[in-house]
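Hi everyone, thanks for making the time. I'd like to walk you through one model today, so let me put it up on the screen.

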Amino acid sequence: MSGLFNPTVAWITLRATLGRKRALLFAIPAAVLILFTIALKVSRPPARPWPSHVLGTFGFSVLLPLTALIIGTSVLGAEIDDGSIIHLLATPVRRSSVVVTKFVIATGLTIVFAAIPELIAALIAGGGSIPASASKAPGPIGFTTINSGKFALGLFVGALACCVIYNAVFLMVSVATTRAIAVGLLYVLVWEVLMANFVSGARLLSVSHYGLGIANGFVNDPELQAGLGPATSVAMGAIVTVLALVLAVNLLSSFTLKGEPA
């Protein structure tokens, strides 16, 4: 049980997280995104690059963080809140193993309930748009349609990156405070939705723009409004993920009993 990933902890976490019909709660944001995409596809709004705005701004700033917040704070935060974490920490399981295992499960569930729906919605949308001057392919007035497969792949890869980074952050928050949901919502609404989209300097510390930057490396769509380049996004995303997980392990060590493995 000395490895970073513990199958027993993973199974218990998966069963507890998906229990009590929680999967229905996780699926609500994804269902909203897909239904909204279908409605826009049917209505065909003229001369507006809506796939890039809806799947980019809404998907990466709202859908992904909210889903990751619900899942990321539940895989460990619930055990801390009800005190059952003490029983887990009383077993010969390293704190780093607990954090990494919970993180892997949370990331996997977020991929299922957020990244894959983002991919499905992108395929339904049929591709993003770039200024007509950049290409001669047909598209809405003033814009040119990007290949749907390429567009969907780019958004999916960016969404995968967001799933990893967001869950590392929210897992750390769930260890740091008993009000993880409130703190997480405040972060999403104030920082990711408002500051990062209206203050350019804030994008260097915005997870949504890390994902958009990575996605834009595939599609080169200015309408995604990615505030960072792909290389910067990958580097900053990796740094934030590692720092958040290390901090989560250190915070969890406050529950360590004397003589137990750290």
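Let me begin with a question: what share of the contacts in the protein with a separation of 6 or more comes from residues 24 or more positions apart? The answer is 74%. Please keep in mind that this is a predicted model.

Now the general layout. The protein has 9 helices and 2 strands, and from the N terminus on the order is α-α-α-α-α-β-β-α-α-α-α. Of its 262 residues, 47% count as buried. The accessible surface comes to about 12,000 Å², with 71% of that belonging to carbon and sulfur atoms.

Let's zoom in on helix α1, which spans residues 7–17. Which of its residues are buried? They are V9, A10, T13 and T17. These four sit on the same side of α1, because the arc they cover around the axis is only 100 degrees. Turn the helix around, and on the face away from that buried side you find the exposed residues P7, W11 and R15. At the start of α1 there is also a neat detail: a side-chain oxygen of N6 comes to within 3.0 Å of the backbone nitrogen of T8.

T17 deserves a stop of its own. This residue of α1 has a relative accessible area of 1%, so T17 counts as buried. A polar atom of its side chain lies 2.6 Å from the backbone oxygen of T13, and T13 is another of the buried residues in the helix. Setting aside residues up to four places away in sequence, T17 touches R22, F26, S74, V75 and L109. And here is a pair to look up in your viewer: T17 and A106 are 89 residues apart along the chain, yet their C-alpha atoms are separated by 8.9 Å.

Next, helix α5, residues 95–125, where we find S97. Is S97 buried or exposed? It is buried, since its relative accessible area is 0%. Leaving out neighbours within four places in sequence, S97 is in contact with G3, L4, F5 and N6. You've met N6 already, as the residue whose side-chain oxygen reaches toward T8.

Last stop, the surface. A nonpolar patch of about 820 Å² is made by I181, L185, L186, L189, V190, L194, M195, F198 and V199. Take V190 from that list: it is found in helix α7, residues 180–198. With a relative accessible area of 38%, V190 is partly exposed.

That's my tour, and I'm happy to rotate the model for anyone who wants another look.

Definitions and conventions. Residues are numbered from 1 along each chain as its sequence is written. This is a predicted model: local features need pLDDT of at least 70, side-chain atom pairs count only at pLDDT 80 or more; totals for chains, interfaces and linings use all residues. Side-chain values use heavy atoms; hydrogens and water are left out. Buried means under 20% relative accessible area, exposed over 50%, partly exposed in between (1.4 Å probe, protein chains only). Contact means heavy atoms within 4.5 Å. The arc is that of the directions from the helix axis to the C-beta atoms. A polar contact is a pair of N or O atoms within 3.5 Å; within protein, one must be able to donate a hydrogen and the other to accept it, and residues adjacent in sequence count only if both atoms are side-chain atoms. Patches are made of residues with over 30% relative accessible area and no salt bridge: like charges are joined within 9 Å, nonpolar side chains (Val, Leu, Ile, Met, Phe, Trp, Tyr) within 5 Å. Accessible areas come from the Shrake-Rupley method with a 1.4 Å probe; for residues, only the protein chains shown count as cover. A salt bridge is a side-chain nitrogen of Lys or Arg within 4 Å of a carboxyl oxygen of Asp or Glu.
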